[in-house]
Amino acid sequence: MTIAKLVSEDTIIPYTTWTEEGVASHHEHFIKAGSHVIIDSPACSVNPFAWTDSQEFNPMRWIEKSDPGLNDFTGFSSGVRACIGKRMAEVEMITVIGIMCKEYKMSHVPQEGEGREAMEKRVLQRREELNLQPPKFGLKLEKRV
């Protein structure tokens with residue numbers, strides 16, 4: 001997902017590039033008022049300068065809130081024109097997850113002949129498309145009594 005913005009005033013944006021060897025170089029780019037700018041949200045989500053282990057699928061980074069890149073998440077955009085439904089979406093996600101945890105016991109479904117360690121390795125793998133995605137896996141829901 002990309003986020004389009006229109007620059008309201010002349011501005012200078014700092015940015016950093018790095019080589020394959022990890023050598024960083026810092027730059028600045030002048031942007032004229034009236035220019036269109038596209039924010040590449042998936043790229044922001046794997047920025048190694050913002051995120052610890054940026055290429056790893058790590059949902060805990062959102063729970064622990066200790067990762068320095070936490071404020072670099074751009075899924076809802078940012079600033080005065082950020083998504084008006086951001087807080088509602090967050091509350092709905094928390095509510096649904098809370099209800100699911102209260103009402104159901106959840107467990108992964110192992111493949112035939114698969115032990116716990118192999119299942120965990122398979123379930124925790126990810127692939128990169130627009131962002132890092134976990135693989136498809138079976139989830140067993142048992143109604144709590």
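Leaving aside its neighbours within four places in sequence, with which residues is Glu 114 in contact?

## Surroundings of Glu 114

In this predicted model, the residues in question are Met 119 and Arg 122, once neighbours of Glu 114 within four places in sequence are set aside. Glu 114 itself sits in a loop, the one that runs between β5 (104-108) and α4 (116-123). Its relative accessibility is 18%. Glu 114 therefore counts as buried, because the limit for that class is under 20%.

Two polar pairings involve the side chain of Glu 114. One is a polar contact with the side chain of Arg 122, at 2.9 Å. In the other, a polar atom of the Glu 114 side chain lies 2.9 Å from the backbone nitrogen of Gln 111. Arg 122 thus appears both among the contacts of Glu 114 and as a partner in a polar contact between side chains.

## The β2-β3 hairpin

Strands β2 and β3 (residues 24-31) run antiparallel and are joined by eight bridges. Two facing pairs can be named here: Thr 11 stands opposite Ile 31 in β3, and Pro 14 stands opposite Glu 28 in β3.

Five residues lie between the two strands of this hairpin. At Gly 22 the backbone takes a positive phi, near 90°.

## The second largest pocket

Rolling a probe the size of a water molecule over the atoms shows where empty space is left. The second largest pocket has a volume of about 1,000 Å³. Its lining is made up of 31 residues. Those that lie nearest the centre of the pocket are Ile 13, Ile 38, Ile 39, Asp 40 and Cys 44.

Two or more residues of the lining come from each of β1 (2-6), β2 (11-18), β4 (36-40) and α1 (41-45). The element that gives the most is β2, with five residues. This strand is also the one joined to β3 in the antiparallel pairing described above. By residue type, the lining of the second largest pocket divides into 18 nonpolar, nine polar and four charged residues.

How values were computed. Residues are numbered from 1 along each chain as its sequence is written. This is a predicted model: local features need pLDDT of at least 70, side-chain atom pairs count only at pLDDT 80 or more; totals for chains, interfaces and linings use all residues. Side-chain values use heavy atoms; hydrogens and water are left out. Helices (H or I, at least four residues) and strands (E, at least two) are DSSP runs, numbered from the N terminus. Buried means under 20% relative accessible area, exposed over 50%, partly exposed in between (1.4 Å probe, protein chains only). A polar contact is a pair of N or O atoms within 3.5 Å; within protein, one must be able to donate a hydrogen and the other to accept it, and residues adjacent in sequence count only if both atoms are side-chain atoms. Contact means heavy atoms within 4.5 Å. On a 1 Å grid over the protein atoms alone, a cavity is a set of points where a 1.4 Å probe fits but cannot get out, and a pocket is an open set with protein on both sides within 12 Å along at least five of seven lines; lining residues have an atom within 4 Å of a point. Grid points are joined across faces, edges and corners, and a volume is the space filled by probe spheres set on the points. Ala, Val, Leu, Ile, Met, Phe, Trp, Tyr, Cys and Pro count as nonpolar, Asp, Glu, Lys and Arg as charged, and the others, Gly among them, as polar. Two strands pair if DSSP finds at least two bridges between them.
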